[in-house]
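Me: I'd like to go through this one by asking where the labels come from. Here's what I'm looking at.

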Amino acid sequence: MSEDMWVDLPAAMADLDVDDTVRALVLAGRGPSFTVGIDIGMLSSLQPSGLSQAQANHRLYTQIRRLQLTASCLANSPKPVIAAVHGHCLGAGMDLITACDIRYGSADSVFSIRETRMAIVADVGTLQRLPAIVGAGHTAELAFTGSDIDGTRAAEIGLLNRVFPDTTTTHAAALELAALIGANSPLVVRGIKTVLAAGNNRSTADALEYVARWNAAHLISGDLIEALAAFVEKRPPDFKGD
């Protein structure tokens with residue numbers, strides 16, 4: 001992940017977030033791997049020369065916060081994001097996929113919190129999001145060791161929702177899943193993602209209050225009327241998102 005990718009991904013997501021023709025997203029790689037992590041040259045440039053220690057520290061802090069936004073734009077998108085992983089998914093790749101809503105992977109995929117082996121505390125989101133996905137124990141094991149795990153093991157601990165034989169079937173399954181999601185009401189899908197996120201760090205009682213307020217504002221919609229009509233007429237619904 002080079003400098004331009006760290007910049008371009010949030011910009012692309014910002015465009016997709018407001019595109020009403022897009023109802024779900026698939027994040028995938030086209031090369032031999034999903035990603036092998038941050039570009040080493042870029043990593044070296046994060047500590048510039050000619051600055052005081054205080055200036056250097058502040059610059060590094062702002063750079064880390066900027067990189068965090070690249071992963072967070074996936075979590076913050078109002079639309080479901082599906083990661084389709086093949087080959088290596090190392091370091092920054094883990095930051096990206098843990099910010100996605102759903103993760104599919106091929107049997108040949110390799111996952112690692114590689115920062116540990118580079119003498120870095122992972123700081124772009126993996127340590128914050130992974131515990132909610134796989135639990136504290138698995139997170140600690142992966143983070144303390146920096147060890148590689150394959151797709152089968154990733155599925156066993158819950159990092160992957162499903163594992164597939166190869167890259168082609170993984171990508172096809174992710175696109176099929178996106179189509180299934182996209183067939184539903186975009187208002188409802190957006191609401192589900194919002195309600196799930198709002199439930200984090202809330203008590204059950206507070207989360208129930210939140211969803212009650214959400215549905216009080218959004219339940220009655222053109223999509224609901226269309227769903228009821230389609231049920232009566234025994235046809236697939238045609239949701240418009242209104």
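Reply: Happy to. Lys234 makes a handy start: it lies in the segment after helix 11. One thing up front: this is a predicted model.

Me: What makes Lys234 count as exposed?

Reply: Exposed takes a relative accessible area over 50%. Lys234 has 76% relative accessibility, so it counts as exposed.

Me: And what is notable about the phi of Lys234?

Reply: Its sign. Lys234 has a positive phi of about 55°, although it is not a glycine. Most residues other than glycine have a negative phi.

Me: Which other residue has a positive phi without being a glycine?

Reply: Asn201 is one, with phi near 65°. You'll find Asn201 in the loop between helix 9 and helix 10 (204–218).

Me: Is Asn201 buried or exposed, and how do you know?

Reply: The cut-off for exposed is over 50%. Asn201 has a relative accessible area of 87%, so Asn201 is exposed.

Me: Back to helix 11. How do you know what its length should be?

Reply: Helix 11 covers residues 222–233, which is 12 residues. The expected span is 1.5 Å times one less than the number of residues. That gives 16 Å here, and helix 11 reaches 16 Å from its first C-alpha to its last, close to what is expected.

Me: Which residues of helix 11 are buried, and why say they line one face?

Reply: The buried ones are Asp223, Glu226 and Ala230. Looking down the axis of helix 11, these buried residues fall within an arc of 55°, so they line one face of the helix. In general, an α-helix has 3.6 residues a turn, so residues three or four places apart point the same way.

Me: What do the buried residues of helix 11 pack against, and what sits on the face turned away?

Reply: They pack against helix 9. The face turned away from the buried side carries the exposed residues Ile225, Leu228, Phe231 and Val232.

Me: Now two threonines. Why is Thr170 called buried?

Reply: Buried means under 20% relative accessible area. Thr170, in helix 8 (residues 167–182), comes in at 0%, so it counts as buried. Leaving out residues up to four places away in sequence, Thr170 touches Ala84, Val85, Tyr104, Gly105, Ser106 and Phe164.

Me: And why does Thr139 count as buried?

Reply: With the cut-off at under 20%, Thr139 qualifies because its relative accessibility is 7%. Thr139 lies in helix 6 (residues 136–145). Its contacts, with neighbours within four places in sequence set aside, are Leu130, Pro131 and Val134.

Me: Next, the largest pocket. What makes a residue part of its lining, and how many residues line it?

Reply: A lining residue has an atom within 4 Å of a pocket point. There are 23 of them, and Cys100, Asp101, Leu196, Ala197 and Asn200 lie nearest the centre. The pocket holds about 710 Å³ of space.

Me: Which element gives the most to that lining?

Reply: Helix 9, with 6 residues. Helix 3 (53–76), strand 4 (102–106) and helix 5 (126–134) are also among the elements that each supply at least two.

Me: How do the lining residues divide by character?

Reply: Into 13 nonpolar, 6 polar and 4 charged.

Me: Last one: how much of the chain is buried?

Reply: Buried residues make up 38% of its 242 residues. The chain's secondary structure comes to 11 helices and 7 strands.

Terms used: Residues are numbered from 1 along each chain as its sequence is written. This is a predicted model: local features need pLDDT of at least 70, side-chain atom pairs count only at pLDDT 80 or more; totals for chains, interfaces and linings use all residues. Side-chain values use heavy atoms; hydrogens and water are left out. On a 1 Å grid over the protein atoms alone, a cavity is a set of points where a 1.4 Å probe fits but cannot get out, and a pocket is an open set with protein on both sides within 12 Å along at least five of seven lines; lining residues have an atom within 4 Å of a point. Grid points are joined across faces, edges and corners, and a volume is the space filled by probe spheres set on the points. Helices (H or I, at least four residues) and strands (E, at least two) are DSSP runs, numbered from the N terminus. Ala, Val, Leu, Ile, Met, Phe, Trp, Tyr, Cys and Pro count as nonpolar, Asp, Glu, Lys and Arg as charged, and the others, Gly among them, as polar. Buried means under 20% relative accessible area, exposed over 50%, partly exposed in between (1.4 Å probe, protein chains only). The arc is that of the directions from the helix axis to the C-beta atoms. Contact means heavy atoms within 4.5 Å.
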